Amino acid sequence: REGSTDAVTVSNKTMRLLSRGLPIVISGMPEFLQAPFITRLDAGSSPSAVVEACIRNFAAWQGDIERCIAENSPASRLAALGVGPGNPP
């Protein structure tokens, strides 16, 4: 683990994996997106407990994942930076 990962809020592949309906398992990124479907290996649970939680909650998390994708579209991320129609980069 490198110190630079402490500031990561969303990895490059996060939205791509979520768009496939996959929950995310992370470790060592304290600023990463907080959501029910993002489980942390460094939160005191064993790896097997984290995997079991993903299996147990997979279907229930699908709606949350879908909403997260809708709320974090590329257009919404650009809007947060002040970029968009009528306001090019």
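A polar contact here is a pair of N or O atoms within 3.5 Å, where one must be able to donate a hydrogen and the other to accept it. In this predicted model, Ser19 gives a handy case: its side chain reaches the backbone oxygen of Arg16 at 2.7 Å. Ser19 sits in the loop between H1 and S1, and with a relative accessible area of 44% it is partly exposed. The loop residue also comes up against a distant part of the chain, as the C-alpha atoms of Ser19 and Ile65 are separated by 7.6 Å despite being 46 residues apart along the chain.

Stepping back to the overall layout, the protein chain has 3 helices and 2 strands, and reading along the sequence gives the pattern α-β-β-α-α. Of its 89 residues, 24% are buried. The accessible surface comes to about 6100 Å², and carbon and sulfur atoms account for 58% of that. As for contacts between residues at least 6 apart in sequence, 42% of them join residues at least 24 apart.

What holds the inside together in terms of side chains is easiest to follow through the largest nonpolar core, which counts 12 residues in all. Its members are Met15, Leu18, Ile24, Ile26, Met29, Phe32, Phe37, Ile38, Cys54, Trp61, Ile65 and Cys68. Two or more of these residues come from each of H1, strand S1 (24-26) and H2, and H2 gives the largest share, with 4 residues. In soluble globular proteins, nonpolar side chains tend to be buried together. One core member, Met29, also has partners further along the chain: leaving aside neighbours within four places in sequence, Met29 is in contact with Thr5, Val8, Arg40 and Asp42.

Two threonines are worth a look alongside the core. Thr14 belongs to helix H1 (residues 14-18) and, at 1% relative accessibility, counts as buried because the cut-off is under 20%. Its side chain makes a polar contact with the side chain of Ser11 at 2.6 Å. Beyond its neighbours within four places in sequence, Thr14 is in contact with Ile24 and Phe32, both of which are listed in the core. Thr39, for its part, lies in strand S2 (residues 38-40) and is buried too, with a relative accessible area of 12%. Once neighbours within four places in sequence are set aside, the contacts of Thr39 are Ile24, Val25, Ile26, Val50, Cys54 and Trp61. Among these, Ile24, Ile26, Cys54 and Trp61 are core residues.

On the outside, Leu17, Leu22 and Phe58 form a nonpolar surface patch, and together they have about 240 Å² of accessible area. Phe58 is part of helix H2 (residues 47-71) and counts as partly exposed, at 37% relative accessibility.

Helix H2 also carries the salt bridge, and the structure holds 1 of these. The pair is Asp64 and Arg67, with the closest N and O atoms 2.7 Å apart. Because the two are 3 residues apart in helix H2, about one helical turn separates Asp64 from Arg67. Both partners are partly exposed: Asp64 has 27% relative accessibility, and Arg67 has 47%. Helix H2 thus turns up in several roles here, giving 4 residues to the core, holding Phe58 of the surface patch and hosting the Asp64 to Arg67 pair.

Terms used:
Residues are numbered from 1 along each chain as its sequence is written. This is a predicted model: local features need pLDDT of at least 70, side-chain atom pairs count only at pLDDT 80 or more; totals for chains, interfaces and linings use all residues. Side-chain values use heavy atoms; hydrogens and water are left out. Patches are made of residues with over 30% relative accessible area and no salt bridge: like charges are joined within 9 Å, nonpolar side chains (Val, Leu, Ile, Met, Phe, Trp, Tyr) within 5 Å. Accessible areas come from the Shrake-Rupley method with a 1.4 Å probe; for residues, only the protein chains shown count as cover. A salt bridge is a side-chain nitrogen of Lys or Arg within 4 Å of a carboxyl oxygen of Asp or Glu. Buried means under 20% relative accessible area, exposed over 50%, partly exposed in between (1.4 Å probe, protein chains only). Contact means heavy atoms within 4.5 Å. A nonpolar core is a set of buried Ala, Val, Leu, Ile, Met, Phe, Trp, Tyr and Cys residues joined through side-chain atoms within 4.5 Å.
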